[in-house]
Amino acid sequence: MKPGDIDLSDPDVFANGFPHDYSDMLRARDPVSWNESRAVSADQLVEQRGFYSVTRHADVVEVSRNPEVYSSAKGGVQILDRDEEALQHVRAMLLSMDPPEHVDYRRLVNRGFTPRQVEALRPRIQSAAATIIEDVVDRGEAEFVTEIAMHLPMLLICELMGVPAADRQKIFDWSNQLVGHELAEQKRREPDETLISQYANGEVDGQVTTEMQLNNFFVLLAIAGNETTRNATSHAVRLLHENPDQKALLLSDTDRYLPGAIDEVLRCCPPVMNFRRTLTQPATLNGVNLVEGDKVVMWYPSANRDESVWTDVHRFDITRDSTKHVTFGIGEHFCLGVGLAKMQLHCILEQILKRMPNITVVDESVLLRSNLVAGINTMNVRW
Ligand code: HEM
């Protein structure tokens, strides 16, 4: 295998998970590697350009920490190129803003993600996790994704946004942007401690946030916090199933090993596989000269197995220090939901280990066809 053999923009390349053989080779031989664009989707009116794949840990850090050079706004954060109109919408989301705008918006929502706020949610999340498992435990089998993994993240987002119980069904209906609208109205009339209230009543540059910005934040949270945590939960159970020695160790002292095990799951299987940046000016990255407009794509699963940071990188080892993983990004856009994501994973895995310690995966999991989200669609389990 040599650089250029695989097109990392092609979702079919990920049919059996992330192509580690290929990225191991790139890290060693061509860490900032040109990827010719071959994939074109049917409805794309925009010509797709090639990009540089960034596969080493240090280079992912360098790109993420320098938003003035490596912009999230210029071309968005996804591999696919979009037309200017689509980009305007994308740029209204926190994830695709650059400083100084990004700094102002982030300050606004930061308050909803302080350790104190996270801790305040713990009792709710703990009891919800217990109920989710209680509801299925007597059956001895389940489809893990829809019956177990997806519930907690969804509940948490609703809790964060202060969505009343009666409206929760609506969250599933993405075409109904009214949810954000009605909520904003209500929170402006009766402000409270919820994140959405702070956002609805906050100001950036003296301007009250608009409906459009609110809707965007709502959608961002739902996407950023939902699929990611759900897939991390499924990956955790699958990795423990595949590594019985590590599972036995974890069961021997769950309180001691669970935090490390969660970080090791996140290192081995980052639920978001890449984000993109676009050059605002010429720069040199690991010896490769880049020009304005060039597109770079950071591959988190590769950076997380960089031999200069960890040894025996492909081994799932819950006792190692995995905390340098870049699964949540790093720098300017470092994930706001880290504390919440880890807390949810802790609560649900604690329940699973306690109440279904012999849980096993019974057949091949069905993976999501995507080059962005490392997703598990279906995973049958028995205990
Ligand atoms: C395992 C679960 C999660 C993973 C793997 C994950 C991953 C990421 C990554 C990689 C970024 C950085 C994007 C970049 O550098 O361009 C990010 C940003 C973000 N995440 Fe998460 N995330 C997770 C859970 C959550 C949760 C639970 C929430 C909220 C409830 C959340 C909210 C956000 C937000 C708002 C941003 C944007 C921050 C900014 O642009 O300043 N995430 N996430």
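## The shell around the ligand

Helix α10 gives the largest share of the shell around the ligand, namely five residues. In this predicted model, the shell counts 25 residues, of which His 102, Arg 106, Arg 277, His 333 and Cys 335 come nearest to the ligand. By residue class the shell divides into 15 nonpolar, eight polar and two charged residues.

Polar atoms of the protein approach the ligand at several points. A polar side-chain atom of His 102 lies 2.6 Å from an oxygen atom of the ligand, while a backbone N or O atom of Leu 94 lies 3.5 Å from an oxygen atom of the ligand. On the side of the ligand nitrogens, a backbone N or O atom of Ala 224 lies 3.5 Å from a nitrogen atom. The elements that give two or more residues to the shell are α4 (101-110), α7 (151-161), α10 (211-242) and β7 (274-279).

## The iron atom

The ligand carries an iron atom whose only protein donor is Cys 335, through its SG atom at 2.3 Å. Cys 335 is placed in the loop between α13 (300-303) and α14 (338-355), and Cys 335 is also listed among the residues that come nearest to the ligand.

## The second largest pocket

The second largest pocket has a volume of about 560 Å³. Its lining is made of 27 residues, and those closest to the centre of the pocket are Asn 16, Gly 17, His 235, Arg 238 and Leu 367. Helix α10 supplies five residues to this lining, the largest share, just as α10 gives the largest share of the shell around the ligand. The lining of the pocket divides into 14 nonpolar, eight polar and five charged residues.

## Enclosed cavities

The model holds four cavities of 30 Å³ or more, and about 50 Å³ of space lies in the second largest of the cavities. This second largest cavity is lined by Val 237, Leu 240, His 241, Lys 247, Leu 349, Ile 352, Leu 353 and Ile 359, with α10 and α14 each supplying at least two residues of the lining. Six of the lining residues are nonpolar, one is polar and one is charged.

## Helix α2

Helix α2, which spans residues 57-64, is mostly covered, since six of its eight residues are buried. The buried residues of α2 are His 57, Asp 59, Val 60, Val 61, Val 63 and Ser 64.

Technical notes
Residues are numbered from 1 along each chain as its sequence is written. This is a predicted model: local features need pLDDT of at least 70, side-chain atom pairs count only at pLDDT 80 or more; totals for chains, interfaces and linings use all residues. Side-chain values use heavy atoms; hydrogens and water are left out. Donors are N, O and S atoms within 2.8 Å of the metal (3.2 Å for Na, K and Ca); water is not among the atoms, so sites may look incomplete. Helices (H or I, at least four residues) and strands (E, at least two) are DSSP runs, numbered from the N terminus. A residue is near a molecule or strand if one of its heavy atoms lies within 4 Å of it. A polar contact is a pair of N or O atoms within 3.5 Å; within protein, one must be able to donate a hydrogen and the other to accept it, and residues adjacent in sequence count only if both atoms are side-chain atoms. Ala, Val, Leu, Ile, Met, Phe, Trp, Tyr, Cys and Pro count as nonpolar, Asp, Glu, Lys and Arg as charged, and the others, Gly among them, as polar. Buried means under 20% relative accessible area, exposed over 50%, partly exposed in between (1.4 Å probe, protein chains only). On a 1 Å grid over the protein atoms alone, a cavity is a set of points where a 1.4 Å probe fits but cannot get out, and a pocket is an open set with protein on both sides within 12 Å along at least five of seven lines; lining residues have an atom within 4 Å of a point. Grid points are joined across faces, edges and corners, and a volume is the space filled by probe spheres set on the points.
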